Amino acid sequence: MTTKDDVLKYLREQQGDWISGETLSNRMGISRSAVWKQISRLRQEGYVIQSTPNKGYVLSEIPEMLLPAEIGEGLDTSVFGKQGIVYEGEMDSTNRKARDLAVKGAPEGTLVVAEKQTGGRGRRGRYWFSPRKAGIYASLILRPKLPPNEAPKITLLTGVTVAEAFMALTPLKPAIKWPNDILVNGRKICGILTESSMEMDAIHHVVVGVGINVNTRKFPDELKEIGTSVYLETGRTFDRVALLKEFLRRFEEHYRNFLSSGFGSVEKRWRELAVVLGKEVTVRMIDATCRGRAVELDRDGALIIQEKNGERRKIYSGDIQIHGK
Ligand code: BTN
């Protein structure tokens with residue numbers, strides 16, 4: 001914990017009551033001017049801290065930002081978000097940053113968060129609309145001891161986790177569109193980009209990036225018909241920090257269960273939340289397109305499509321269009 005985080009902790013503990021500069025300086029073993037310096041830094045971050053000469057300081061407003069101190073406050077995980085949170089107001093892409101950190105050896109559980117992305121990446125070279133302070137743009141570094149062919153399951157697991165976090169904290173009824181889109185009323189509210197570094201028989205790291213449209217009010221023309229946000233669906237703004245914390249807590253739990261006991265429980269949940277199974281779909285892959293019924297989720301997380309001629313195809317990655325209702 002930094003000195004600044006310590007000052008914040010003491011201010012928070014007061015729950016709206018004043019604390020004198022002298023008490024703070026005694027408790028922390030630093031000078032009163034050092035306390036003042038940390039108060040100024042917190043104010044620069046957006047915390048509203050009132051001060052008067054005879055009463056001291058009181059914390060009266062917490063900024064609507066994904067600040068590490070806010071994410072870490074009461075975060076009920078043991079590793080995710082506890083191994084360092086890298087935060088910047090603006091980043092090109094949290095996935096890009098997380099990959100660089102992973103290559104340099106950052107541990108499992110390292111979290112990268114930004115208020116805005118200038119080069120937010122989507123699947124298949126697309127961009128991810130990432131306006132300032134509207135969504136959650138976050139990437140987590142994982143180092144699972146799994147054979148590489150198990151890696152796609154992490155994307156499915158992430159989808160289940162985001163859907164559950166929505167159900168826990170919002171009135172939304174999300175659905176998962178294989179492999180990784182979270183939809184509400186047929187529109188995309190969250191995208192997941194999983195990028196891995198692996199060898200033939202081992203995974204070095206996996207970066208799981210989630211883009212969640214929380215308080216996004218307006219999408220650019222090309223996304224208007226396909227994108228939505230928690231705000232647009234409910235008419236209310238939501239606490240992004242609370243949603244991110246809920247996601248991290250559930251993600252760690254599912255991930256641990258997956259590593260220790262296999263994919264069974266997550267798969268069951270995925271099937272309950274998925275919208276593609278049993279539907280007539282068209283899948284666009286990089287080099288081909290196929291149409292048929294989505295009949296099964298294979299053991300490794302791939303989707304099995306049965307074409308009209310009865311032939312079964314195993315799809316690892318692609319864009320799905322669902323036909324009919
Ligand atoms: C998709 O549906 O195409 C995936 C979108 C993933 C977007 C998130 S936002 C945080 C992380 N950083 C990125 O550059 N992309 C992911």
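Trainee: Which residues are linked in a network of salt bridges?

Mentor: In this predicted model, the network joins Glu 164, Glu 246, Arg 249, Arg 250, Glu 253, Lys 268, Arg 269 and Glu 272. Altogether, the count of salt bridges comes to 31.

Trainee: What makes Lys 188 and Asp 181 a salt bridge?

Mentor: The rule asks for a side-chain nitrogen of Lys or Arg within 4 Å of a carboxyl oxygen of Asp or Glu. Here the N to O distance is 2.9 Å, so the pair qualifies.

Trainee: Why is Asp 181 called buried?

Mentor: Its relative accessible area is 10%, and buried means under 20%. Lys 188, at 23%, is partly exposed, because that value lies between 20% and 50%.

Trainee: And why is Asp 221 called exposed?

Mentor: Asp 221 has a relative accessible area of 61%, and exposed means over 50%, so the word fits. Its salt-bridge partner is Lys 224, at 2.6 Å from N to O. Lys 224 is partly exposed, with 38%.

Trainee: How do you know that Asp 298 and Lys 314 form a salt bridge?

Mentor: Good one! Their closest N and O atoms are 2.7 Å apart, and the cut-off is 4 Å, so they count. This pair links distant parts of the chain: Asp 298 lies in the loop between β11 and β12, while Lys 314 belongs to strand β13.

Trainee: Last one: why is Met 28 called buried?

Mentor: Met 28, found in helix α2, has a relative accessible area of 16%, which is under 20%, so we call Met 28 buried. Leaving aside neighbours within four places in sequence, Met 28 is in contact with Thr 3, Asp 6, Val 7 and Tyr 10.

Notes: Residues numbered from 1 in each chain as written. Predicted model: local features only at pLDDT ≥ 70, side-chain atom pairs only at ≥ 80, totals over all residues. Heavy atoms only, no water. Helix = DSSP H or I, 4+ residues; strand = E, 2+ residues; numbered from the N terminus. Buried < 20%, exposed > 50% of the residue type's maximum accessible area, 1.4 Å probe, protein only. Contact = heavy atoms within 4.5 Å.
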